[in-house]
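Student: I'd like to learn how to read a few features off a model. Can you walk me through it?

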Amino acid sequence: MEVNRLDFYIGLSLAVSSSVFIGSSFILKKKGLLRLACKGSTRAGQGGYAYLKEWLWWAGLISMGAGEAANFAAYAFAPATLVTPLGALSVLVRCAFFSNFIFWKLLIRFFPHFVTL
């Protein structure tokens, strides 16, 4: 089965954008849940539903849905041998975003004398 060049690049861009959407969705949802924890809301595991009112959590959920839809559409344009390995790229995106997210908290916690405000 021959894939023309345009379909290949469409599938590639959909797969990469899928990884970015999925990778960032975890960080958005986590930041939303942490924001609720700072407010003292009841956790979802304990019967709370305050996360449903948090716009950051919804942004993460919508971002994940968009990423999964882009991943599904990528299989229509590019071969699975290209799209499937690019799914692992979402783990790298998540790690890159998370390292920036948590770096300063860890630095302040373990090395407070290095941080001057």
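Tutor: Let's take the aromatic rings, then a buried serine.
This is a predicted model, where local features need pLDDT of at least 70, side-chain atom pairs count only at pLDDT 80 or more, and totals for chains, interfaces and linings use all residues. Residues are numbered from 1 along each chain as its sequence is written, and side-chain values use heavy atoms, leaving out hydrogens and water.

Student: How many aromatic pairs are there?

Tutor: A ring pair is described by the distance of the centres and the angle of the planes. Rings of Phe, Tyr and Trp (its six-membered ring) pair if their centres lie within 6.5 Å; planes under 30 degrees apart are stacked, over 60 edge-to-face, and the rest tilted. By this rule there are three aromatic pairs. Tyrosine 51 and tryptophan 57 have ring centres 4.8 Å apart and planes at 70°, so that pair is edge-to-face. Tryptophan 57 and tryptophan 58 are edge-to-face too, with centres 5.2 Å apart and planes at 85°. Ring pairs link Tyr51, Trp57 and Trp58 into a cluster.

Student: Is tryptophan 57 buried or exposed?

Tutor: Buried means under 20% relative accessible area, exposed over 50%, and partly exposed in between (1.4 Å probe, protein chains only). Tryptophan 57 has 14% relative accessibility, so it counts as buried. Tyrosine 51, at 23%, counts as partly exposed, and so does tryptophan 58, at 35%.

Student: And what is serine 25 in contact with?

Tutor: Contact means heavy atoms within 4.5 Å. Leaving aside neighbours within four places in sequence, serine 25 is in contact with Gly60, Ser63 and Met64. Serine 25 counts as buried because its relative accessibility is 0%.
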